[in-house]
Amino acid sequence: MIFRQYLHEDPIAISYLFGCGSKSEGIVVDPVDDVEWYIREAQRLGVNIRYVFDTHIHADHVSGGRELAKRTGAQYVLHRSADVAYSFEAVEDGDVLLAGNTKVQVLHTPGHTPEHISLLVSDLRRSEEPWFVVTGHTLMIGDVGRTELATSLEEGASALYDSLFNKLLTLEDTVDVYPGAYSGSVCGRYLSGKPSSTIGYERKFNQALKPRSKSEFIAFMTKDVPPVPRDHEKIRRINAGE
């Protein structure tokens, strides 16, 4: 498997390019708006981009997802509930997509936003078992993503609790975690500068995952909420095609 993680600083974000080298099929997740750069990277790595995912409709940076898919002939993928003004490849919880020997299972993990998805990835040349999960702004390193754009913060926090404790934290401890941002992002409060971890380490040491009832978790998530990203409404409208 080919795997590359890209750390962006303005704004703070993380994007990914991974896939099957032997079949020359690649996947890009959460690209920023410099699409030429991903095209050059794919060429350098010898893969054709088959799928472009956005884990959610971003409000902190302009996505390059649609343009990258258009330029490369890839499918642009969002959860079916995404409220946008353009067509896309709609996926639901449990759907599986293949790029050569790379298997991606879609997990619907709302809370940060209603349409948020995480991607559970296996390298079928090694095992059917999941190797890593790309978690966007849901499970992050040291914290979890802020809740936003729900009917209320409480509703978002309740959905996030279910996404975390009933889905992501049911994965094996050995599964690697690759989030959508790192320290300095306003999408979390206690984010680490280390841009990866494991389910097991986060289960033990993540500030947001300390033993709490659901009501206590909601109270934790709705207190001292970080400020929203600058121009977040405008950015989200751009990413929604409005």
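In this predicted model, the side chains of Lys167 and Asp93 form a salt bridge, with nitrogen and oxygen 3.0 Å apart. The two partners come from distant parts of the chain, 74 residues apart. Lys167 belongs to the loop between α3 (153-165) and β11 (176-179), whereas Asp93 belongs to the loop between β6 (89-91) and β7 (96-99). Both residues are partly exposed: the relative accessible area is 22% for Lys167 and 42% for Asp93.

Side chains of opposite charge can pair when their charged atoms come close. A further pair of this kind joins Lys103 to Glu128, with an N to O distance of 3.4 Å. Here a strand is linked to a loop: Lys103 sits in β8 (residues 102-108), and Glu128 in the loop between β9 (117-123) and β10 (132-136). This pair also connects distant parts of the chain, its members being 25 residues apart. Glu128 has a relative accessibility of 53% and therefore counts as exposed, the category that begins over 50%.

Two helices are brought into the account by Lys214 and Asp162, whose closest N and O atoms lie 3.2 Å apart in a salt bridge. Because Lys214 lies in helix α5 (residues 214-221) and Asp162 in helix α3, the pair ties together parts that are 52 residues apart in sequence. Lys214 is partly exposed at 30% relative accessibility, and Asp162 is likewise partly exposed at 30%.

These pairs are among the 10 salt bridges counted in the model. Helix α3 thus appears twice in this description: Asp162 lies within the helix, and Lys167 is in the loop between α3 and β11.

Conventions
Residues numbered from 1 in each chain as written. Predicted model: local features only at pLDDT ≥ 70, side-chain atom pairs only at ≥ 80, totals over all residues. Heavy atoms only, no water. Salt bridge = Lys/Arg side-chain N within 4 Å of Asp/Glu carboxyl O. Helix = DSSP H or I, 4+ residues; strand = E, 2+ residues; numbered from the N terminus. Buried < 20%, exposed > 50% of the residue type's maximum accessible area, 1.4 Å probe, protein only.
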